[in-house]
Amino acid sequence: MADDCIGREVEDMICKMPSGGVLLLENVRFNRGEMACEQEFAKKLAPIANYYVNDCFRTSNKPHASNEGVTQYLPGVAGLLMKKELRYLSEDVANVKKPFHAIVGGSRLSTRIGVIENLFDNKVDVIFFGGGLIFTFLAAAGYSVGSSLVEENMLRRANLIVSKAIERGVRLVFPADYSRMIVKPGNIHKKFIGLDIGPDTVSLFSRVLDEAKTIIWNGPMGGFEIAEFAGGTEGIAKKLANVEEAISTIIVGGSSAAAVKILGLAEKMTHVSTGGFASLELLEGIPPSGICGLQDERRWVCSEDG
């Protein structure tokens with residue numbers, strides 16, 4: 001193992017390596033030029049290699065010297081995991097098999113606006129909403145939501161999303177009930193907080209999902225970390241794990257991926273993304289900076305002048 005990741009000593013160690021040898025360099029993040037994407041540091045990384053292979057999709061959205069800067073001085077290509085991620089999150093979404101359904105959850109609507117807008121652009125047919133963000137939609141429509149989470153600054157945006165869906169012929173499916181105490185929309189007592197979708201909603205979503213050919217799921221249906229409020233997320237995960245083989249099921253985002261793994265269902269999904277925020281940004285249509293320098297894969301996510 002080398003004591004550094006750049007410099008003459010490292011270059012000499014590489015030159016002395018036997019055929020088939022392996023040399024582990026020091027962590028690039030110990031150099032302050034890494035996270036600042038300093039070009040001088042990127043230039044010093046380049047002489048130690050002939051090619052740059054990026055196989056870490058999780059950090060591809062971070063403009064660092066070792067994943068963005070170095071591609072200006074070395075030919076960069078995608079590793080096998082990176083290719084798989086880009087295939088499902090870019091190529092397959094751009095050429096999606098219809099009907100195309102998306103399940104969007106999570107606590108806040110503000111964190112999913114980009115995803116929803118890009119789904120519209122990618123001609124989604126049906127969007128199912130779950131998680132805490134549904135209460136902003138309900139409040140915007142004039143329903144009582146008790147003490148549930150509502151983003152007051154998103155009320156107008158919520159109504160615009162509904163209007164845009166109507167304009168584009170996209171079906172929006174909202175929960176029919178909420179757990180743990182089963183209540184219907186608009187009947188939530190002011191002291192109550194909605195923390196999960198209810199069994200009627202799981203049944204409703206499941207029936208409509210049978211019509212899909214491609215399903216993307218981003219965001220949990222409730223507070224699944226707490227056993228009492230995990231039923232909705234678990235129900236949807238089990239549904240996706242048991243759809244017909246011809247239906248593609250793509251799981252995006254750290255919480256959704258964690259849920260299917262905890263339930264032991266990851267192997268039954270078509271693809272479970274490893275990307276966290278990187279996959280979320282790609283689903284929003286934001287080109288990850290660490291991919292635009294890869295000569296073999298940039299066409300899927302980056303403009304020609306990107």
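User: Why is Asp 12 called partly exposed?
Analyst: In this predicted model, Asp 12 has a relative accessible area of 34%. Buried would require under 20% and exposed over 50%, so the value of 34% places Asp 12 in between, as partly exposed. Asp 12 is found in helix H1, which covers residues 8-15.

User: What makes Asp 12 a member of a patch of negative charge on the surface?
Analyst: Asp 12 gathers there with Asp 3, Asp 4 and Glu 9. Asp and Glu count as negative. A patch takes residues with over 30% relative accessible area and no salt bridge, and joins like charges within 9 Å. The 34% of Asp 12 is over that 30% limit.

User: Why is Glu 244 called exposed?
Analyst: Its relative accessibility is 58%. The term applies over 50%, and therefore Glu 244 counts as exposed. Glu 244 belongs to the loop between helix H8 (231-241) and strand E9 (248-252). Its C-alpha atom is separated by 14 Å from that of Glu 267, with the two residues 23 apart along the chain.

User: Is Val 260 buried or exposed, and how do you know?
Analyst: Val 260 has a relative accessible area of 0%. Since buried means under 20%, Val 260 is buried. Val 260 lies in helix H9, residues 254-262. Between the C-alpha atoms of Val 260 and Phe 129 there are 18 Å, and the two residues are 131 apart along the chain.

User: Which class does Ile 286 fall into, and on what value?
Analyst: Ile 286 has a relative accessible area of 36%. This is neither under 20% nor over 50%, so Ile 286 is partly exposed. Ile 286 sits in the segment after helix H10 (277-283). From Ile 286 to Met 221 the C-alpha distance is 25 Å, and 65 residues separate them in sequence.

User: What makes E5 and E10 the edges of the open sheet?
Analyst: The sheet has 6 strands in the order E5-E4-E3-E8-E9-E10, with parallel pairing. Strand E5 (171-173) and strand E10 (271-272) each have a single partner strand, so one side of each is left without a neighbour in the sheet.

User: How do you know that E3 and E4 are paired?
Analyst: Pairing requires at least two bridges. Strand E3 (residues 100-104) and strand E4 (residues 126-129) have 4 bridges in the parallel sense, so the requirement is met. Among the bridge partners, Val 104 is matched with Phe 129 and His 101 with Val 126.

User: On what count is E8 taken to pair with E3 and with E9?
Analyst: The parallel strands E3 and E8 are joined by 5 bridges, and 5 bridges also join E8 to E9, again parallel. The minimum is two, so both pairs qualify. On the E3 side, the partner of His 101 in E8 is Ile 215; on the E9 side, Ile 216 stands opposite Ile 250.

User: What makes strand E8 mostly covered?
Analyst: In E8 (residues 214-218), 5 of its 5 residues are buried. Thr 214, Ile 216 and Asn 218 point one way, Ile 215 and Trp 217 the other way, and all are buried. In a regular strand the side chains alternate between the two faces of the sheet.

User: Why are both faces of E4 called covered?
Analyst: Val 126 and Phe 128 are buried on one side, and Ile 127 and Phe 129 are buried on the other. Buried means under 20% relative accessible area, so both faces of E4 count as covered.

Key: Residues numbered from 1 in each chain as written. Predicted model: local features only at pLDDT ≥ 70, side-chain atom pairs only at ≥ 80, totals over all residues. Heavy atoms only, no water. Patch = residues over 30% accessible without salt bridge, like charges linked within 9 Å, V, L, I, M, F, W, Y side chains within 5 Å. Areas by Shrake-Rupley, 256 points an atom, 1.4 Å probe, with all protein chains shown as cover. Salt bridge = Lys/Arg side-chain N within 4 Å of Asp/Glu carboxyl O. Charge placed at Lys NZ, Arg CZ, Asp CG, Glu CD. Helix = DSSP H or I, 4+ residues; strand = E, 2+ residues; numbered from the N terminus. Buried < 20%, exposed > 50% of the residue type's maximum accessible area, 1.4 Å probe, protein only.
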